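Please take a moment to turn the model around on your screen and follow the chain with your eye before you read on. The paragraphs below are meant to be read with the structure open beside them.

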Amino acid sequence: RHARLSVHQRSVEISCSGMTQGGVVTGDLMIGSGANKRDFSLELVMAGLGYVDQRRIDYGEAPKTLVDAQTSAKAKKLNIWSIEQKKEEVQAPKSKEEEEVKVQLSEIRSGNHFFYHVVGDEAIKEIDDSMKKFTEENGTSGAPCDVKVGKVVAALFDGSWYRAKIVEKKENSTVSVLFIDHGNLDVVKVSTHLRPLSDELGTDKIPPVAKEAELILTIVRSTEDDYGLDAARMLNDVAWGKELNARVYYSSEGKSYLTLTDPSDDSKSINETIVAAGLGRVPKQSEVNAISKKVSSGSEAKKLATKFAKAQEAARTSRSGMWRYGDIGDDDDEDF
């Protein structure tokens, strides 16, 4: 009814940005004119008459304006959001979040932040083979591309095309991109290093195979700091190129919080190893309590924190790593 009253037999402005495999044109529809010109999709979401594709939100492809509009409509319980949502729909992921999987790191950002591949994930080979074929068919020349932050395109890296999400527009016609199947970032020139991605290679067909993660209950310094850089190097030394056991305790905003363990030495996790070396710290008790509430077995998280705290105390006593010059005061917390 809203569409009939607002759009039917009225002049509108349509901007086409793509086409589905079924031949359906996708894009934006603007209604009104001059100062009253407005985005119809945004208007529907704001009124609670439409919703944003959850997969697009999960992959970071949904425009922030739409996500914010949906959040506002939910809070006001407008139209479709006036119907009470079943609690189990929100709680369902918990059983899946706490799991143990074998992984291999694909990118290291810091001493506790990285991306990984799940060992045995058939989608990894599928996307690798598909992008090799894409490179063979299209060569290595760039092509006109819709450059929007959050859009997934093909980006050139070392002479081959890979799926990448545009993260930020930079100066001199360049953009920062995240290679979604590996986790690495790069700044590339739009005209030579980007081209549209085939529909069958979209994230709705093959989700990103690189998963973002952070070592749970393990705080490290930035890699701009010497101890932070040492922590990243240690993670590389003990984890890179190995099949590791990962226990995922919970996930939030697309990032998993977990422990990593080397099967050849499962006496302690890599989290504990970094803390024991004086290159990582355990969160304050208030933070530990907050984290434990996100884990289905909160007592397990607290036991883990207690174990890490003992490793931290040993590092402090032996003046290892960041504890070399004694205790770290509150002012130093800002460095983490």
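What follows is a walk through a predicted model, passing from its sheets to a cavity and then to its salt bridges.

A good place to begin is the barrel. Five strands close on themselves in the order β4-β5-β11-β13-β12, and the pairing within this closed barrel of 5 strands is mixed. If you compare the directions of neighbouring strands in this sheet, ignoring which way each one runs, you will find them turned by 55° against each other on average.

Within the barrel, strand β12 is worth following in detail. On one side, strand β12, residues 244-252, is joined by 5 bridges to strand β4, residues 99-108, and the two run antiparallel. Two of the partnerships can be picked out by name: Lys102 has Asn245 in β12 as its bridge partner, while Glu100 has Arg247 in β12 as its partner. Strand β12 also pairs with strand β13, residues 255-261, again in the antiparallel sense and over 7 bridges. Here you can look for Val248, which stands opposite Leu258 in β13. The strands β12 and β13 form a hairpin, with 2 residues between them, and in the turn Glu253 has a positive phi of about 50°.

The next sheet to look for is an open one. Its 5 strands lie in the order β9-β8-β7-β6-β10, and the pairing is antiparallel. Which strands form the edges of this sheet? They are β9, residues 185-189, and β10, each of which pairs on one side only. Further in, β7 and strand β8, residues 174-179, pair in the antiparallel sense over 5 bridges, and one position to find along β8 is Val175, which has Lys169 standing opposite.

Beyond strand β10 the chain enters a loop, and Ser198 has its place there, between β10 (194-195) and β11 (211-215). With a relative accessibility of 24%, Ser198 counts as partly exposed. Although Ser198 and Phe134 are 64 residues apart along the chain, their C-alpha atoms are separated by 8.4 Å.

From the sheets we can turn to empty space inside the model. The structure holds 1 cavity of 30 Å³ or more, and about 30 Å³ of space lies in this largest cavity. Which residues line the largest cavity? They are Ile127, Asp128, Met131, Tyr162, Arg163, Asp181 and His182. The elements that give two or more residues to this lining are α7, residues 122-138, and β7, residues 160-169, and the largest share, 3 residues, comes from α7. When the lining residues are sorted by chemical character, they divide into 3 nonpolar, 1 polar and 3 charged.

The last part of the walk concerns charged side chains. Side chains of opposite charge can pair when their charged atoms come close. In this structure there are 14 salt bridges, and three of them can be taken in turn.

One of these salt bridges joins Lys205 to Asp204, with the closest N and O atoms 3.2 Å apart. Lys205 is partly exposed, having a relative accessible area of 41%, and Asp204, at 31% relative accessibility, also counts as partly exposed.

Another salt bridge is formed by Arg221 with Asp225, where the closest N and O atoms are 3.6 Å apart. Are these two residues buried or partly exposed? Arg221 counts as buried because its relative accessibility is 9%, which is under the 20% limit for that label. Asp225, by contrast, has a relative accessibility of 24% and so counts as partly exposed.

The third salt bridge to be described links Glu272 with Lys307, and the closest N and O atoms of this pair are 3.7 Å apart. This pair links distant parts of the chain, since Glu272 belongs to helix α10, residues 270-276, whereas Lys307 belongs to helix α12, residues 298-317, and the two residues are 35 residues apart. Glu272 is buried, with a relative accessible area of 12%, while Lys307, with a relative accessible area of 39%, is partly exposed.

Definitions and conventions:
Residues are numbered from 1 along each chain as its sequence is written. This is a predicted model: local features need pLDDT of at least 70, side-chain atom pairs count only at pLDDT 80 or more; totals for chains, interfaces and linings use all residues. Side-chain values use heavy atoms; hydrogens and water are left out. A salt bridge is a side-chain nitrogen of Lys or Arg within 4 Å of a carboxyl oxygen of Asp or Glu. Buried means under 20% relative accessible area, exposed over 50%, partly exposed in between (1.4 Å probe, protein chains only). Helices (H or I, at least four residues) and strands (E, at least two) are DSSP runs, numbered from the N terminus. On a 1 Å grid over the protein atoms alone, a cavity is a set of points where a 1.4 Å probe fits but cannot get out, and a pocket is an open set with protein on both sides within 12 Å along at least five of seven lines; lining residues have an atom within 4 Å of a point. Grid points are joined across faces, edges and corners, and a volume is the space filled by probe spheres set on the points. Ala, Val, Leu, Ile, Met, Phe, Trp, Tyr, Cys and Pro count as nonpolar, Asp, Glu, Lys and Arg as charged, and the others, Gly among them, as polar. Two strands pair if DSSP finds at least two bridges between them. Axes are lines fitted to C-alpha atoms, for helices over the stretch in contact, and angles run from 0 to 180 degrees between N-to-C directions.
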